[in-house]
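The following paragraphs offer a guided reading of one protein model. Please keep the sequence and the structure in view while reading.

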Amino acid sequence: FSPGCEMVRGAAKAQAQAKAQKKADSQNKHGSQLEDQKKGLKLICPACKSLMPSYKIFQAHHESKHSGPCPTEEAIQASG
């Protein structure tokens, strides 16, 4: 083997590593989604203070966890 071949392979290896690092960086730059998740939680259950993304989900939560009539969406938003 000639020394020139290893230099070419070494250059290709370095390029492949740089490309792989760039790809890994682009996939990992998105970070945490916790802030976006908090923005989506709009309703607060008056009984247990749980956060809900929609009134439909709140109704299901209230029926399964709490007794009594389910508050209206307007009443929940006014209290929150």
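A convenient place to begin is Phe58. Leaving aside residues up to four places away in sequence, Phe58 touches Leu43, Cys45, Pro46, Met52, Cys70, Pro71 and Ile76. The model in which these contacts appear is a predicted one. Phe58 also belongs to the largest nonpolar core, which has 6 residues in all: Leu43, Cys45, Met52, Tyr55, Phe58 and Ile76.

With this core in mind, the overall plan may be considered. The secondary structure of the protein consists of 4 helices and 2 strands. Read from the N terminus, the elements follow the order α-α-β-β-α-α. Of the 80 residues of the protein, 10% count as buried. The protein exposes about 6,800 Å², and carbon and sulfur atoms supply 56% of this area. Among contacts between residues at least 6 apart in sequence, 10% join residues at least 24 apart.

The discussion now turns to one helix, α3. Which residues of α3 are buried? They are Tyr55, Phe58, His61 and His62. These residues lie on the same side of α3, because they cover an arc of only 115° around the axis. A general rule helps in reading such a pattern: an α-helix has 3.6 residues a turn, so residues three or four places apart point the same way. On the other side of α3, Lys56, Glu63 and Ser64 are exposed.

Two histidines of this helix deserve individual attention. His61 is found in α3, which spans residues 55-65. The relative accessible area of His61 is 14%, and His61 is therefore buried, since the cut-off for that term is under 20%. Not counting residues up to four places away in sequence, His61 touches Cys45, Cys48, Ser50, Met52 and His66. Two of these partners, Cys45 and Met52, are members of the largest nonpolar core. His62 is likewise found in helix α3. At 7% relative accessibility, His62 counts as buried. With the same sequence neighbours left out, His62 touches Ser67, Gly68, Pro69, Cys70 and Pro71.

The loop that leads into this helix can be followed next. Pro53 lies between β2, residues 51-52, and α3. Its relative accessible area is 36%, so Pro53 is partly exposed. How many residues apart in sequence are Pro53 and Leu41? They are 12 residues apart in sequence, while their C-alpha atoms are 4.2 Å apart in space. Leaving aside neighbours within four places in sequence, Pro53 is in contact with Gly40, Leu41 and Lys42.

Several cysteines have now been mentioned, and their sulfur atoms raise a further matter. A disulfide is a covalent bond between the sulfur atoms of two cysteines. How many disulfides does a search of the whole structure find? The search finds 0. Cys48 is in no disulfide, and the nearest cysteine sulfur, that of Cys45, is 3.6 Å away. This distance does not meet the criterion applied here, because a disulfide requires a pair of cysteine sulfur atoms within 2.5 Å. Cys70 is in no disulfide either; the nearest cysteine sulfur is again that of Cys45, 8.4 Å away. Cys48 is partly exposed, with a relative accessible area of 34%. Cys70 is also partly exposed, with a relative accessible area of 28%.

Notes
Residues numbered from 1 in each chain as written. Predicted model: local features only at pLDDT ≥ 70, side-chain atom pairs only at ≥ 80, totals over all residues. Heavy atoms only, no water. Core = buried A, V, L, I, M, F, W, Y, C linked by side-chain atoms within 4.5 Å. Buried < 20%, exposed > 50% of the residue type's maximum accessible area, 1.4 Å probe, protein only. Contact = heavy atoms within 4.5 Å. Areas by Shrake-Rupley, 256 points an atom, 1.4 Å probe, with all protein chains shown as cover. Arc of directions from axis to C-beta.
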